[in-house]
Amino acid sequence: MSDKKEKISAIKGMNDILPADAPLWELFENTAESVLKSYGYQKIVTPIVEETGLFARAIGAVTDIVEKEMYSFEDSMNGDKLTLRPEGTAGVVRAVIEHNLAYDGPKRVWYKGPMFRHERPQRGRYRQFFQFGAEAIGFSGPDIDAELIMLCRRLWDDLGLDEIRLELNSIGNADERQRHRADLIAYFEANIDVLDAEAKRRLHANPLRILDTKNPAMQDLVNAAPQLLSYLGEESLAHFEGLKKILDANNVQYTVNPRLVRGLDYYNRTVFEWVTDALGAQGTVCAGGRYDPLIETFGGKPTPGIGFAMGMERLIELMKAQGEPAAPSQCDVYMVHQGQEAQMKAFILAERIRDAGLDVVLHCATPAGAGSFKSQMKKADGSGAAFAVIIGEDEVANDVVAVKSLRGEVQGGAGDGAQQQASVPFTEAVDYLVDQIVGAHDHDHDHEHVHYHP
Ligand code: HAM
């Protein structure tokens with residue numbers, strides 16, 4: 001072993017979420033969960049690792065994800081072929097079939113968690129990223145499509161995000177795509193000189209994906225290509241029209257983008273993406289669509305499905321770009337103490353204050369020592385706490401604690417109004433703090449109190 005201590009870093013494209021960003025993530029997750037709850041969606045958690053075959057079959061063999069982006073490995077214990085999930089729908093569908101979840105009627109579920117794709121990392125594109133997704137299993141009409149889209153709109157509104165637009169398309173059913181596909185291949189073959197290497201490779205395997213190309217030299221060609229929308233039969237058209245009607249009636253703005261085809265093979269009929277221009281190239285913050293044939297493909301009884309997934313990193317970045325909310329405080333109360341006996345009392349009091357539902361940070365020693373009174377007070381100020389509770393030798397001797405307001409006057413303080421610090425008997429300290437903090441909250445609804453949870 002060499003003496004040199006090598007620095008270990010995170011794997012490329014896999015990010016740490018640091019405490020400074022945690023409040024934003026929490027805000028996003030709490031808001032999303034409450035929006036989903038308000039539409040009757042229930043949480044589902046599936047494993048991060050699944051059999052490789054699940055993804056290959058669900059997402060499609062000739063897709064970017066399955067061809068080149070999956071983290072697949074062999075279980076060294078038994079040789080099983082496993083993959084870190086690149087997305088959430090396949091696992092949810094597997095769970096629905098395995099546990100017969102849709103047997104007593106349709107189900108609305110949501111999930112969140114890390115997904116893994118071996119992509120070239122860049123802004124907004126990572127190898128481990130978090131998705132927040134929802135799936136509605138067992139509903140066939142355009143009403144559920146509209147519900148999922150409107151649920152997203154409500155989330156953007158609740159988060160104050162207004163630079164997200166909706167793109168919508170219908171990719172019909174397998175027969176309709178088959179007829180379109182034949183014409184599309186003929187069209188591209190007639191223009192083979194314009195195709196790049198990637199497009200030529202996909203020409204016969206997955207020509208629809210050529211429409212998705214970002215290559216500027218091919219834009220004119222794909223713009224003039226046969227459009228799938230004009231191959232839709234009566235039922236697919238009626239479904240699409242039905243969806244648009246509900247969206248129109250609810251003032252949901254959208255653009256029909258006939259080139260929106262999505263990169264996963266399980267889709268049929270409705271597909272949609274929520275896109276922003278505020279994040280550069282990776283502007284799709286949420287994407288989804290219908291996958292009616294998928295459950296049957298896996299041996300389940302024919303059951304339609306539709307869902308979406310949001311890229312959480314992209315949405316957090318958008319929240320940042322639109323103005324970060326003030327950092328919430330770390331705690332309600334910071335406990336400052338000097339001397340061994342005071343420390344013992346501080347410990348006991350901190351537990352009692354927590355019993356009462358308040359958040360407390362107790363000053364603890366570092367390698368530099370326990371810290372002077374002054375340095376502890378500095379920490380108390382930095383914590384964003386509303387109050388410092390101070391226990392020194394005098395307080396121990398008199399069986400009291402000093403309570404210092406760190407954000408202004410003490411509510412109901414002495415007549416002259418300017419009371420910043422009070423001496424409170426040890427046994428009354430908990431009631432006093434609850435009264436000050438919860439009381440202040442009751443009196444003043446603008447007062448941002450995020451910690452008290454009785
Ligand atoms: P997807 O379009 O592959 O769809 O991913 C959904 C969203 O995840 C994207 O719009 C993007 O915001 C985010 N995302 C994807 N890849 C990355 C990445 N490498 N780095 C950061 N964010 C990323 C699905 O995954 C489908 N399962 C959605 C769905 C659910 N369809 C029906 N139900």
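Reader: Why is D64 called buried?

Author: The relative accessible area of D64 is 18%, and buried means under 20%, whereas exposed means over 50% and partly exposed lies in between, with a 1.4 Å probe and protein chains only as cover; D64 is therefore counted as buried. This is a predicted model, in which local features need pLDDT of at least 70 and side-chain atom pairs count only at pLDDT 80 or more, while totals for chains, interfaces and linings use all residues. Residues are numbered from 1 along each chain as its sequence is written, and side-chain values use heavy atoms, with hydrogens and water left out.

Reader: Where is D64 found, and what does D64 touch?

Author: D64 is found in helix 3, residues 64–69, where helices (H or I, at least four residues) and strands (E, at least two) are DSSP runs numbered from the N terminus. Once residues up to four places away in sequence are set aside, D64 touches E69, E198, R202 and R209, contact meaning heavy atoms within 4.5 Å.

Reader: What makes N169 count as buried?

Author: N169 counts as buried because its relative accessibility is 1%. Its place is in strand 7, residues 164–170, and, leaving aside neighbours within four places in sequence, its contacts include L229, F240, P258 and V271. A polar atom of the N169 side chain also lies 3.4 Å from the backbone oxygen of N257, which fits the definition of a polar contact (a pair of N or O atoms within 3.5 Å; within protein, one must be able to donate a hydrogen and the other to accept it, and residues adjacent in sequence count only if both atoms are side-chain atoms).

Reader: Which of the two words, buried or exposed, applies to R269, and which to N251?

Author: R269, in strand 9 (residues 268–276), is buried because its relative accessible area is 15%. N251, in the loop between helix 9 (234–249) and strand 8 (255–256), is exposed because its relative accessible area is 59%. Neither residue is a glycine, yet N251 has a positive phi of about 55° and R269 has a positive phi of about 50°. Most residues other than glycine have a negative phi.

Reader: How do you know that strand 5 pairs with strand 6?

Author: Two strands pair if DSSP finds at least two bridges between them, and strand 5 and strand 6 share 10 bridges in the antiparallel sense, K107 having I137 in strand 6 as its bridge partner. Strand 1 (residues 42–43) pairs with strand 5 in the parallel sense over two bridges, and the partner of K43 there is W110. Strand 5, residues 107–116, is mostly covered, with seven of its 10 residues buried.

Reader: Which residues come nearest to the ligand?

Author: Of the 26 residues around the ligand, E87, E119, R262, Y267 and T284 come nearest, a residue being near a molecule or strand if one of its heavy atoms lies within 4 Å of it. The largest share of this shell, six residues, comes from strand 10.

Reader: What polar contacts does the ligand have with T284 and Q131?

Author: A polar backbone atom of T284 is 2.8 Å from an oxygen atom of the ligand, and a polar side-chain atom of Q131 lies 3.0 Å from an oxygen atom of the ligand. The protein buries 96% of the 660 Å² that the ligand exposes when taken alone, accessible areas coming from the Shrake-Rupley method with a 1.4 Å probe and, for residues, only the protein chains shown as cover.
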